[in-house]
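The following note is offered to a colleague who is beginning to read protein structures. Please keep the sequence and the model side by side while working through the numbered points.

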Amino acid sequence: MTLALQMRSPAGRPPRRPALTLAATAAMLLTLLSAATPTLAANPADETGPTKPCRVEGWPNELRCGQIERPLNPAEPQGRKITVHYLLVPAKSRSKLPDPIVLFAGGPGQSATRLAPKMIGGLSGLNNRRDLVFIDQRGTGLSAPLQCPDARGLPMAEAMSSAGQLRLLQRCSAELQKLPHGDLRFYTTTVAMQDFDAVRQQLGVQRWNLIGASYGTRAALEYQRQFPQAVRRTLLDGMAPPDQTLPDSMSADAQAALDRVFSACEEDARCTQAYPQLRTRWQQLLQSLPREVSLPQPLTGAPERVMLERDALLRAVRLPLYTPAMSAALPAALHAATQGRFDGLAGLASGMGMSGKDRLFEGMHFSVICAEDGPRLAAEGQSASGRDFGEADARLYRQVCAQWPRGEVPAAFYKTSAAQSPVLLLSGGADPVTPPRHGQRVAEALGAKALHLVAPNAGHGVMRTACLREPLLRFFNAASDDEALALKADCLERMPRALPFIPPGTPKPAASEVSK
């Protein structure tokens, strides 16, 4: 999953008014999100089956929407109910295949139906003969949503500080628990995957194919653990295994990605000339914090004087690391920040942030993390944290989870057993949260039916790489398991590294410098 404490951005627009305000949630991005809430269309002529015609903002064609009632507490099937909503994209061909593709959103806390408009086009090949199914996992989208108030309108001093973040989340937890569906113990991945299988049964599907990205890989593995007979093929993009304690591991993984950015600059003569001694000056900047800076308020654009904390700056740096094209601009932004100009860094972070309808459902996020990762968090000073990133994120999660209602998680949840059907794992070598080391470990646990492919220069989310389009079709369309696992994707090795951004007009280094 893509776990990283996020910065708010103004309504998902390009960062014209960048801000360093934070949202204390994790981002597990397969793709940039789109706000798209399903609404039922008035078309009584086509009411057969469990779904009804509907239209989704951001997609021109009519789709199908469905819903199913589920017990909030699985141990009380006659007790309080919630409604789980889903979206079905019908196969384009009349000779469609009986095994749909079901998508597992990231976060935890993303709404799958809101992701759908940005994903349908990229899955067009798979959609030729297979339905696509997007299920709003309980706690997200339209399925018993658990979302905290939008903090963008608050004073930035409150929204940016770690203490302010903690206060906001504690108030959110108290308010969510007043909702009819607000028993936060029943939003674990294990419970949610039982909802997914209920959708499968409602659709009359014997087996389907799973695609999970970021946290969605954890969810897909848990579905596969509980319902192996219902799985034909599985694609896991950016592995976040169930036994990976995310608030601990993401510090070291983000550090490795940031060090990679510094090394790439040091290996490029133009970069070292444009941003001399960048690594050293970055350390000096960190040591200067906290310090008062002026930043524009994300909604109004009015400048505010705020105390910039080390944790806030590091969260701003982490976000661009998810995408190589954005991390290539980090040297320029960090160089400016060392000179007291933070607009470039804030713009990069805001461009990657989520806001408005695209925001994560923070209540669901913490209900999942506090139940599954919270009990396994290392004690203060005991985690293998990164040099710069330290334990700031783990510390915040410890504080939040100390009071957040915690669901039960079966011991079997944390164990990855041998796969009974083919599993393709994808990892990006520059991924700051789910790098290849996690994918390799899971592939080994899954055994002979797992194939792990690494794109050395890719970031978080490899599936959208253009050269993978045909290989992924072959994986899902292969008649036999052996044929599916014989997949080759040498193009991933040939993907070039994104070059550091150098502003136009920067003088070229002397020939003697280039040759070094």
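1. A suitable place to begin is Gly204, which follows helix H5 and has a positive phi, near 70°. Please note that the model is a predicted one, and that every value given here is computed from it.

2. Helix H5 itself comprises residues 189-203. Its 15 residues, at 1.5 Å a residue, should span 21 Å, and the C-alpha atoms at its ends are 21 Å apart, so the expected span and the model agree. The expectation uses one less than the number of residues, because that is how the span of a helix is defined here.

3. Is helix H5 largely enclosed or largely open? Eleven of its 15 residues are buried, so the rest of the structure largely encloses this helix. The buried residues run from Thr189, Thr190, Val191, Ala192 and Met193 to Asp195, Phe196, Asp197, Ala198, Val199 and Arg200. Charged residues are found in this list, including Asp195, Asp197 and Arg200. When inspecting any such helix, the student may recall that an α-helix has 3.6 residues a turn, so residues three or four places apart point the same way.

4. The disulfides deserve separate attention. How many disulfides does the count give? The count comes to five disulfides. With bonded cysteines counted along the chain, the pairing pattern is 1-2, 3-4, 5-6, 7-8, 9-10. Three of these bonds are described in the points below.

5. Cys54 and Cys65 are joined by a disulfide with an S to S distance of 2.1 Å. This distance satisfies the rule, because a pair of cysteine sulfur atoms counts as a disulfide within 2.5 Å. Cys54 belongs to strand E4 (residues 52-56) and Cys65 to strand E5 (residues 63-71), so the bond ties together parts that lie eleven residues apart in sequence. The torsion about the S-S bond is about 80°, so this disulfide is right-handed. Cys54 and Cys65 are both buried.

6. A second bond links Cys265 to Cys271, with an S to S distance of 2.0 Å. Which hand does the disulfide of Cys265 and Cys271 have? Its torsion is about -100°, so the disulfide is left-handed. Both Cys265 and Cys271 are buried.

7. A further disulfide connects Cys467 with Cys491, at an S to S distance of 2.1 Å. Cys467 lies in the loop between strand E14 (450-455) and helix H17 (469-477), whereas Cys491 lies in helix H19 (residues 491-494), so the pair ties together parts that are 24 residues apart in sequence. A torsion of about 75° about the S-S bond makes this disulfide right-handed. Cys467 has a relative accessible area of 29% and is partly exposed. Cys491 has a relative accessible area of 14%, and it counts as buried because the cut-off is under 20%.

8. The final matter is the enclosed space. Rolling a probe the size of a water molecule over the atoms shows where empty space is left. Seven cavities of 30 Å³ or more are counted, and the largest cavity holds about 220 Å³ of space. It is lined by 18 residues, of which Arg260, Val261, Ser327, Arg497 and Ala498 are the closest to its centre.

9. Which helix gives the most to the lining of the largest cavity? Helix H7 does, with five residues. Helix H7 (246-266) and helix H11 (324-327) each supply at least two residues of this lining. By type, the lining of the largest cavity consists of twelve nonpolar, four polar and two charged residues.

Methods:
Residues numbered from 1 in each chain as written. Predicted model: local features only at pLDDT ≥ 70, side-chain atom pairs only at ≥ 80, totals over all residues. Heavy atoms only, no water. Helix = DSSP H or I, 4+ residues; strand = E, 2+ residues; numbered from the N terminus. Buried < 20%, exposed > 50% of the residue type's maximum accessible area, 1.4 Å probe, protein only. 1 Å grid on protein atoms, 1.4 Å probe; cavity = no way out; pocket = protein on both sides within 12 Å on 5 of 7 lines; lining within 4 Å. Points joined across faces, edges and corners; volume = space filled by probe spheres on them.
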